[in-house]
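Me: I should like to learn how to read the features of a protein model. Could we work through one together?

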Amino acid sequence: MNKNLLIIPLVAAVIVLIFPFVFFYGNQIMIITTTSMLPVLYPNDMIVVKPATVQDVSEGDIIAFDSHMEMGIVAHRAIAIYDHKGEMVIDTKGDNNESEDPWFVTDNDLIGIVDKTIPKLGILLVAPVRYALVAVIIISAISMLKDHLTESKKRASL
């Protein structure tokens, strides 16, 4: 088998899996899974979240935070920042939701501010696709190793 044909999917899979994390090192990479932030963020959009504290957030920023509920990590817009019993907190709301969220965000909950959005790239990082890319890497590597070992044996027998 032509080795170049194996290298292409191997390199492509590695780039897709690793590139976002290397390019945006120091930030969190997240994938939007709901429609709560339409029309700004769509499902399968990849967002880059830069670490921040409540003091770094301005009203209107889109922030990512742990909701401590079954929905887990949420990316919603900061609609108010105020002092609550001596602690600065943030009220949030999804742009596509009718009412604001029933919680406030503290420094302990806040992951950061959404810095960049890359439309639809998140589809490559969701679990099933990620597993398929890992399978491509493994299969390509095994095939290349097998070809290399076969070639070595042929040379040794000459």
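**Reading one model, feature by feature**

Reply: Let us begin with the contacts of one residue, bearing in mind that this is a predicted model. Leaving aside its neighbours within four places in sequence, D109 is in contact with F65, D66, H68 and F104.

Me: Where in the chain is D109 found?

Reply: D109 sits in the loop that runs between β6 (104-105) and β7 (110-118).

Me: Is D109 buried or exposed, and which side chain of opposite charge is nearest?

Reply: To read burial, one looks at relative accessible area, and a residue under 20% counts as buried. D109 is buried yet has no salt bridge. A salt bridge requires a side-chain nitrogen of Lys or Arg within 4 Å of a carboxyl oxygen of Asp or Glu. For D109, the nearest side chain of opposite charge is K85, 14 Å away.

Me: What is to be noted about the backbone of K85?

Reply: K85 has a positive phi of about 55 degrees, although it is not a glycine. K85 is placed in the loop between β4 and β5 (87-93). With a relative accessibility of 79%, K85 counts as exposed, because the cut-off for that word is over 50%.

Me: What does the backbone of H68, one of the contacts of D109, look like?

Reply: H68 is not a glycine, and yet it has a positive phi of about 55 degrees. H68 belongs to the loop between β3 (62-66) and β4 (73-84). The relative accessible area of H68 is 55%, so this residue is exposed.

Me: Which residues does a cis peptide bond join?

Reply: The angle to read here is omega. The cis peptide bond joins L38 and P39, with omega at about 5 degrees. P39 lies in the loop between β1 (28-31) and β2 (46-51).

Me: How does one find empty space in a model, and what is the volume of the largest pocket?

Reply: Rolling a probe the size of a water molecule over the atoms shows where empty space is left. In this model the largest pocket has a volume of about 350 Å³. Its lining comprises 15 residues, and those closest to the centre are T33, T34, I73, V74 and A75.

Me: Which strand gives the most to the lining of the largest pocket?

Reply: β4 gives the most, with four residues. β1 and β4 each supply at least two residues of that lining.

Me: How many residues of this lining are nonpolar, polar and charged?

Reply: The lining of the largest pocket divides into eleven nonpolar residues, four polar residues and no charged ones.

Definitions and conventions:
Residues numbered from 1 in each chain as written. Predicted model: local features only at pLDDT ≥ 70, side-chain atom pairs only at ≥ 80, totals over all residues. Heavy atoms only, no water. Buried < 20%, exposed > 50% of the residue type's maximum accessible area, 1.4 Å probe, protein only. Lys, Arg positive; Asp, Glu negative; His and termini not counted. Contact = heavy atoms within 4.5 Å. 1 Å grid on protein atoms, 1.4 Å probe; cavity = no way out; pocket = protein on both sides within 12 Å on 5 of 7 lines; lining within 4 Å. Points joined across faces, edges and corners; volume = space filled by probe spheres on them. Nonpolar A, V, L, I, M, F, W, Y, C, P; charged D, E, K, R; others polar.
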